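Work through the exercises below with the sequence and the structure open beside you. Each task is followed by a solution that goes step by step.

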Amino acid sequence: MSIAARLEGLGVALPDAPAPAANYVPFVRLGNIVYVSGQISKDDDLITGKLGDDMEIEAGAAAAKVCAINLLAQVKAACDGDINKLVRVIKLTGFVNSTADFTAQPQVINGASDFLVEALGDAGRHSRSAVSAASLPLGVAVEIEGIFEVQ
């Protein structure tokens, strides 16, 4: 089954790739590797909050899933609009807007990891870092960057 069909089966329509908010490019493609700049937790609106304060782990994981969808939108753009050229997810680095004593960053970033495995199967399995941040741009709850292999 194609990636596009799997996403459709999950009820996920990839948005247009979000434009960069500052002086950087949203992705860099070097041969078959695509490096995607950090994608924030934003769908129709910003998903803001601080884990360990005013946001629960489940809401943070949902925000991380939104980041993963935005990452795939960037990969699709890097592949001239064909998400089926994605071969695999190599690595994610997830940043969680959290209090100093919050230690469940991995559970929050699992929202992205679990979605990518559900959407891509084994090609969605990846290496990963999940770290805390005292704050993130625009007060968002999560930001995730990624490295992908494409055709």
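**Exercise 1: Two loop residues with positive phi**

Asp80 sits in the loop between α2 and β3, and the model in which you will find this residue is a predicted one. Locate Asp80, decide whether it is buried or exposed, and then do the same for Leu138.

Solution. Begin with the backbone of Asp80, which has a positive phi of about 55° although this residue is not a glycine. Next, turn to its surface: a residue is called exposed when its relative accessible area is over 50%, and Asp80, at 69% relative accessibility, therefore counts as exposed. Now move along to Leu138, which is placed in the loop between β4 and β5. Leu138 also is not a glycine, and its phi is positive, at about 60°. Because its relative accessible area is 63%, Leu138 is exposed.

**Exercise 2: The nonpolar core**

Find out how many residues the largest nonpolar core has, and which element gives the most to this core.

Solution. As background, nonpolar side chains tend to be buried together in soluble globular proteins. In this model, the largest nonpolar core has 39 residues, and those with the most contacts inside it are Leu72, Leu86, Phe115, Val142 and Ile144. The elements that contribute two or more residues to this core are the helices α1 (3-9), α2 (57-78) and α3 (105-120), together with the strands β2 (33-40), β3 (86-97) and β5 (142-150). Of these, α2 gives the most, with 10 residues.

To see the surroundings of one core residue, select Ile144 and set aside its neighbours within four places in sequence. The residues in contact with Ile144 then include Ser37, Gly38 and Gln39, as well as Ala64, Cys67 and Leu71. Leu92, Thr93, Gly94, Ile109 and Ala112 are also among the contacts of Ile144.

**Exercise 3: The crossing of two helices**

Describe how α2 and α3 are placed with respect to each other: what is the angle at which their axes cross, and which residues make the contact?

Solution. First, take the axes of α2 and α3, which come within 7 Å and cross at roughly 45°. Second, compare this angle with the cut-offs, under which angles below 35 degrees count as roughly parallel and those from 65 to 115 as roughly perpendicular; α2 and α3 are therefore oblique to each other. Third, note the handedness, for the crossing of α2 and α3 is right-handed. Finally, list the residues that make the contact: α2 supplies Ile57, Gly60, Ala61, Ala64, Lys65, Ala68, Ile69 and Leu72, while α3 supplies Gln107, Val108, Ile109, Gly111, Ala112, Phe115, Leu116 and Leu120.

**Exercise 4: Apart in sequence, compared in space**

For Glu149, determine whether the residue is buried, partly exposed or exposed, and find how many Å separate its C-alpha atom from that of Val34. Then examine Ala21, Met1 and Asp122 in a similar way.

Solution. Glu149 belongs to strand β5, and because its relative accessible area is 28%, this residue is partly exposed. Glu149 and Val34 are 115 residues apart along the chain, yet their C-alpha atoms are separated by 6.3 Å. Apart from neighbours within four places in sequence, Glu149 is in contact with Asn32, Ile33, Lys85, Leu86, Val87, Arg88 and Ile90.

Ala21 is found in the loop between α1 and β1 (27-30), and with 74% relative accessibility it counts as exposed. The C-alpha atoms of Ala21 and Pro137 are separated by 9.7 Å, although these residues are 116 residues apart along the chain.

Met1 lies in the segment before α1 and counts as exposed, at 82% relative accessibility. Its C-alpha atom and that of Asn84, 83 residues away along the chain, are separated by 9.9 Å.

Asp122, lastly, is in the loop between α3 and β4 (127-133), where it counts as exposed at 58% relative accessibility. From C-alpha to C-alpha, Asp122 and Val89 are 9.2 Å apart in space, while they are 33 residues apart in sequence.

Note on methods. Residues numbered from 1 in each chain as written. Predicted model: local features only at pLDDT ≥ 70, side-chain atom pairs only at ≥ 80, totals over all residues. Heavy atoms only, no water. Core = buried A, V, L, I, M, F, W, Y, C linked by side-chain atoms within 4.5 Å. Buried < 20%, exposed > 50% of the residue type's maximum accessible area, 1.4 Å probe, protein only. Helix = DSSP H or I, 4+ residues; strand = E, 2+ residues; numbered from the N terminus. Contact = heavy atoms within 4.5 Å. Axes fitted to C-alpha atoms, helices over the stretch in contact; angles between N-to-C directions. Parallel < 35°, antiparallel > 145°, perpendicular 65-115°, else oblique. Left-handed = near helix turned anticlockwise from the far one by under 90°.
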